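Hello,

I am passing a structure on to you, and I would be glad if you looked at it before reading my notes below.

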Amino acid sequence: MSKHLATSVKVSKPVPKRKMIQPCSEISIQMHCAIAFVIRLVLIMYSNYHDKYFNVPYTDIDYKVYTDAARYITKGKSPFERHTYRYTPLLAMLMMPNVYVHQDFGKVFFSVIDILVAKLMRKILICQNFKQQTANLCALLWLYNPLAVVISTRGNADSLAVYLVLWTLYLLQNDHIIMAGIVHGLSIHFRLYPLAFSLAMYLYLQEGNIILPNKRQLKLVVPCILSLIDLTALSYVYCGKKFLDESIIYHIIRKDVRHNFSVFFYMLYLTANEGLNLTQKFFTFLPQVSILVALACRYSTKEKLPFALFTQAITMVTFNPVMTSQYFFWFLSLLPICIPYLKMSLTRIFTLLFIWISSQSLWLFAAYLLEFKGIDSFEYIWIASIIFFAVNIKILVDLINCYKL
């Protein structure tokens, strides 16, 4: 009987598992990178048409400055002979193919860097033990970010600056400390703002003693200082004192009274004809420095370091005496690697985005009345700057409150 039952009962074979197709697999992320790059190429081609037929050019004025500076180098001269060139000589050297190859080479180069930024974001999130799908989705937010697309295709070099910052972060997370120090020194030489991240990176390598530096901290600090000194010395030998005046000192003492979103705009406008006021500079930078130090001390562990840089970048932009729209690039480039940690409802996200854009629009309207209509709207611009400042503070506080490991 038991034998009969054994032979009559059919044993079901296990159904082979189907291969699940991930919505954002390795293949698809490469395809998205290709699509995003093509979009940028199309806009670069369009920029030539736009510049030719429209009064307001698409190409960033700084791109023309880079190209002119590169042209001076091809003639054996200093790039600082080009008026308003206030960057490292390395940037002008990188733009030399604009003269020898094609005028759009730099835009294509910055667009390539833009794609590499997205790939680097993905690697950083994977290092933070997030799933590949999460890392890929966050990378897509950068690839199709309208501001990222426009800034790189207009010929702005900030995509290279944010790449160096993210590369430093990636090297730190993978314990390549000496190389991280070298790249961090390069990033500070290229653009001064990464200097503000130094304390957070230093504290990230802290082990026990909080007073004396440990071996890992020295591995970061010494190569950083040496690379920064070497690059500065080479630039000084090649370009002379004008390099120090234009690319370093200018950015410390500058007073911009046009296209400046800063809450300090009106004060700078009223004191534009005065000399350097050290007391004014001290109290202008004191709030910024205090908050930067507090954030570095609060968020300096491996998991929190990206959020430390992100909040510090927002603080720098918000409290800086000079704030232009391209500065938003500094913190928006760090947002995708922090998104998985932000527990915020969609309603709150869209509300904050709405008030951020609206407060910018209010400032832009007041500036439009001044520059295009000739209406004395300086006080309105100042009020709009205060509103925008308050909105940025509100967003920073909300992000900190919604940050969860």
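I begin with the residue just before helix 12, where N214 caps the N-terminal end of the helix, with a side-chain oxygen 3.0 Å from the backbone nitrogen of R216. Before going further, please note that this is a predicted model, in which local features need pLDDT of at least 70 and side-chain atom pairs count only at pLDDT 80 or more, while totals for chains, interfaces and linings use all residues. Residues are numbered from 1 along each chain as its sequence is written, and side-chain values use heavy atoms, with hydrogens and water left out.

Helix 12 itself covers residues 215-239 (helices here are DSSP runs of H or I with at least four residues, numbered from the N terminus). Its 25 residues reach 36 Å from the first C-alpha to the last, which is close to the 36 Å expected at 1.5 Å a residue, where the expected span is 1.5 Å times one less than the number of residues. After the helix comes G240, whose phi is positive, near 80 degrees.

The buried residues of helix 12 are Q217, L220, P223, C224, S227, L231, S235 and C239 (buried means under 20% relative accessible area, exposed over 50%, and partly exposed in between, with a 1.4 Å probe and protein chains only). What covers these buried residues includes helix 4 (89-94), helix 9 (158-173), helix 10 (177-190), helix 11 (198-204) and helix 13 (241-253).

One of those buried residues is a cysteine, so why is C224 not in a disulfide? The sulfur of C224 is 18 Å from the closest cysteine sulfur, in C297, which is too far for a bond, since a disulfide is a pair of cysteine sulfur atoms within 2.5 Å. By this rule the count comes to zero disulfides.

Two serines are also worth a look. S111, in helix 6 (residues 105-127), is buried, with a relative accessible area of 0%, and touches F37, R40, I44, S152 and T153, not counting residues up to four places away in sequence (contact means heavy atoms within 4.5 Å). S198, in helix 11, is partly exposed at 22%, and with that same exclusion touches H184 and I188. A polar contact of 2.8 Å joins the side chains of S198 and H184 (a pair of N or O atoms within 3.5 Å; within protein, one must be able to donate a hydrogen and the other to accept it, and residues adjacent in sequence count only if both atoms are side-chain atoms).

Best wishes
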